[in-house]
Amino acid sequence: MDTIVRRFSWALAAAALGLLSGCASMRLIDSDVISVPAVPAGMSLQGATYRFERLPSQANNPEAGLAEQQAQAAMTAVGLVRDDANAQLSVMVGFSGNSYLADPWGRPLGPGWTPHGSIVIGSGIGGGFGSHIGLGMGMRFPPPTHYRREVSLILRDLKSGQVVYETRASHAGPWSDSVPIFATLFQAALANFPNPPAGLRRVNIELPR
């Protein structure tokens, strides 16, 4: 009986370890997404054809080309078809990113941050009465760098020139590998296409580490 119990315990431990290993190999990319459809009556975006449109500032930007490739993969996944010669829609792709030093909760550190994190607050009242508060945090290493990235897609009907779908997605976190994060953001931006819920929403997508 003891042998059976031990074997059962080892099996449970092995299963738990495998589960933890599987979880550790994935990361959750939580994106804030807002999508606004404006499709006129009688028009359907499902299966529509499109071509990319660039701003003059993006004309010779290799990063714009990569962003379009990532956007195309996400649009193909929701049924949109790239057809430059017979396009019904034009698609303008936007992308941006920046880095910042973060506090333990992932929030950007303010401009008054110092390596030692010293804060002094004082107040006094006439006649020699007063109070003084001193706070200090010894930080022996720089705080972590976090990254905020955002993508956007604007779909315009080529016949009327009307914007028929606009969506954007943003994410802030510690991941420095921009390429897979941007690709995931385009997927999040097209979640629930072409009938997204109203307002700001959170879209979670798992991504390998």
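Let me begin with Asn192, which sits in the loop between α3 and β9, in what is, I should say at once, a predicted model. The phi of Asn192 is near 70°, a positive value in a residue other than glycine, and Asn192 is partly exposed, with a relative accessible area of 46%.

A little further along, the peptide bond from Phe193 to Pro194 is cis, its omega being near 0°, and Pro194 is likewise found in the loop that runs between α3, residues 178-189, and β9, residues 201-208. As background for both points, most residues other than glycine have a negative phi, and most peptide bonds are trans.

From that loop let us move on to β9 itself, where the side chains alternate along the strand: Arg201, Val203, Ile205 and Leu207 point to one face and are buried, whereas Arg202, Asn204, Glu206 and Pro208 point to the other face and are not buried. As for its partner, strand β1, residues 26-37, runs antiparallel to β9 and is joined to it by 8 bridges, with Ile29 standing opposite Ile205 of β9.

Finally, a word on confidence. The chain averages a pLDDT of 82, and 74% of the residues score at least 70. Over residues 4-23, however, the pLDDT is below 50, and this stretch has 0 contacts in the model beyond near neighbours in sequence. Residues 118-140 also stay under 50 in pLDDT, although for these the model has 24 contacts beyond four places in sequence.

How values were computed. Residues are numbered from 1 along each chain as its sequence is written. This is a predicted model: local features need pLDDT of at least 70, side-chain atom pairs count only at pLDDT 80 or more; totals for chains, interfaces and linings use all residues. Side-chain values use heavy atoms; hydrogens and water are left out. pLDDT is the predictor's confidence in each residue, from 0 to 100. Contact means heavy atoms within 4.5 Å. Helices (H or I, at least four residues) and strands (E, at least two) are DSSP runs, numbered from the N terminus. Buried means under 20% relative accessible area, exposed over 50%, partly exposed in between (1.4 Å probe, protein chains only). Two strands pair if DSSP finds at least two bridges between them.
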